[in-house]
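Trainee: Please take one part of this model and look at it closely for me, and then follow its surroundings outward step by step. I would like to understand who its neighbours are and how they are arranged.

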Amino acid sequence: MKTIGLIGGMSWESTAHYYRVLNQETAARLGGLHSAPVIVHSVDFAPIAEMQSAGDWTGAGAQLARVARGLQDVGAEVIGLATNTMHVVADQITAAIDVPFVHIADPTSDALLADGFETVGLLGTRFTMEMDFYRDRLAERGLKSLIPDVDRTNLNGIIYEELCRGIVREESRRIYVAAIERLAARGAEAVILGCTEITMLIDDSVSPLPVYDTTDLHAKALVGAALS
């Protein structure tokens, strides 16, 4: 099995979930006492979040590209970026490395298409919902994505002010369920949890639409790439 390099820390809450799924999936596939060979570089999220707010994507991309190259230099053979939003700089990262990079939107698209969905709701940070990088990637695979037409600022705030800090509130869960209900009314057939923290709030037991958890799907795809 190839060694997985994981760029984490954005936030560390979801990176911890990645580590769990990487090892659970490896054990499920290989059996016995097998676990995933993983090198994690967990960055300090505060400076990255400041660059997000300032729109300094080039600067943030340069930093994450250096991290990716460093992971490759110490033996990582496949790279994953444990955040949806920062895939806005995926091209900078891939340009800096010579090993495969598994894009988080691809296994999500594969799962949705395999289940026959064409129109999906997309929840995430305001950057993921409002910028083109993620929705364009879905469109390239033949998926139409819908984003909330109201309350995006509130949804974004729940991610940064609560979930990234490990705070899970029932009221915030109700806000997200209401957003999914509105997406369903506009024609969404399923919903992408397009932020790696939203799985802390929403799963199929509470969602009015089928849920596609990017964290889980991405981690499993990284294991698949490492075993290929």
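Mentor: Two strands are said to pair when DSSP finds at least two bridges between them. With that in hand, and keeping in mind that this is a predicted model, I would choose strand 5 as the part to look at. Strand 5 covers residues 119-123, and threonine 119 has its place there. On one side, strand 5 is joined to strand 7 by four bridges, and the two run parallel; strand 5 also pairs in the parallel sense with strand 6 (residues 144-146), over three bridges.

The individual partners make this easier to trace on the screen. Threonine 119 stands opposite lysine 144 in strand 6, while glycine 121 stands opposite valine 191 in strand 7 and leucine 122 stands opposite isoleucine 192 of that strand. If you follow isoleucine 192 onward, you find tyrosine 212 of strand 8 opposite it, and this belongs to a parallel pairing in which three bridges join strand 7 to strand 8 (residues 211-213).

How is strand 5 covered? Five of its five residues are buried, so the strand counts as mostly covered. In a regular strand the side chains alternate between the two faces of the sheet. Both faces of strand 5 are covered, with Thr119, Gly121 and Leu123 buried on one side and Val120 and Leu122 buried on the other. Strand 7 (residues 190-193) is likewise covered on both faces, where Ala190 and Ile192 on one side and Val191 and Leu193 on the other are all buried.

Threonine 119 deserves a separate word. Its relative accessible area is 17%, and since buried means under 20%, threonine 119 counts as buried. Leaving aside residues up to four places away in sequence, threonine 119 touches Lys144, Leu146, Gly187, Ala188, Glu189 and Ala190. Among these contacts is Lys144, the residue that stands opposite threonine 119 in strand 6. For a contrast, look at leucine 33, which lies in the loop between helix 1 and strand 2 and which, because its relative accessibility is 86%, counts as exposed.

From strand 5 you can step back along the chain to helix 5 (residues 105-114), whose axis and that of helix 7 (residues 132-140) come within 10 Å and cross at roughly 40 degrees. That angle makes helix 5 oblique to helix 7, and the crossing is right-handed. Helix 5 brings Ala105, Asp106 and Ser109 to the contact, and helix 7 brings Tyr134, Arg137 and Leu138; by class, this contact has three nonpolar, one polar and two charged residues.

Helix 5 also meets helix 10 (residues 214-227), and here the axes come within 8 Å and cross at roughly 105 degrees, so that helix 5 and helix 10 are roughly perpendicular to each other. Pro107, Thr108 and Ala111 in helix 5 meet Thr214, Leu217, His218 and Ala221 in helix 10, a set that divides into four nonpolar, three polar and no charged residues.

Finally, it helps to set strand 5 beside another part of the model, an open sheet of four strands in the order 2-1-3-4 with parallel pairing. Strand 2 (38-42) and strand 4 (101-102) are at the edges of that sheet, and because each has a single partner strand, one side of each is left without a neighbour in the sheet. Strand 1 (residues 4-8) pairs with strand 2 in the parallel sense over five bridges, and isoleucine 4 has valine 38 of strand 2 as its bridge partner. Helix 1 (residues 12-30) packs on this sheet, touching strand 1, strand 2 and strand 3 (78-81), and its direction makes about 160 degrees with that of strand 1. Helix 3 (residues 57-73) packs on the sheet too, touching strand 1, strand 2 and strand 3, with its direction at about 155 degrees to that of strand 1.

Methods:
Residues numbered from 1 in each chain as written. Predicted model: local features only at pLDDT ≥ 70, side-chain atom pairs only at ≥ 80, totals over all residues. Heavy atoms only, no water. Buried < 20%, exposed > 50% of the residue type's maximum accessible area, 1.4 Å probe, protein only. Contact = heavy atoms within 4.5 Å. Axes fitted to C-alpha atoms, helices over the stretch in contact; angles between N-to-C directions. Parallel < 35°, antiparallel > 145°, perpendicular 65-115°, else oblique. Left-handed = near helix turned anticlockwise from the far one by under 90°. Nonpolar A, V, L, I, M, F, W, Y, C, P; charged D, E, K, R; others polar.
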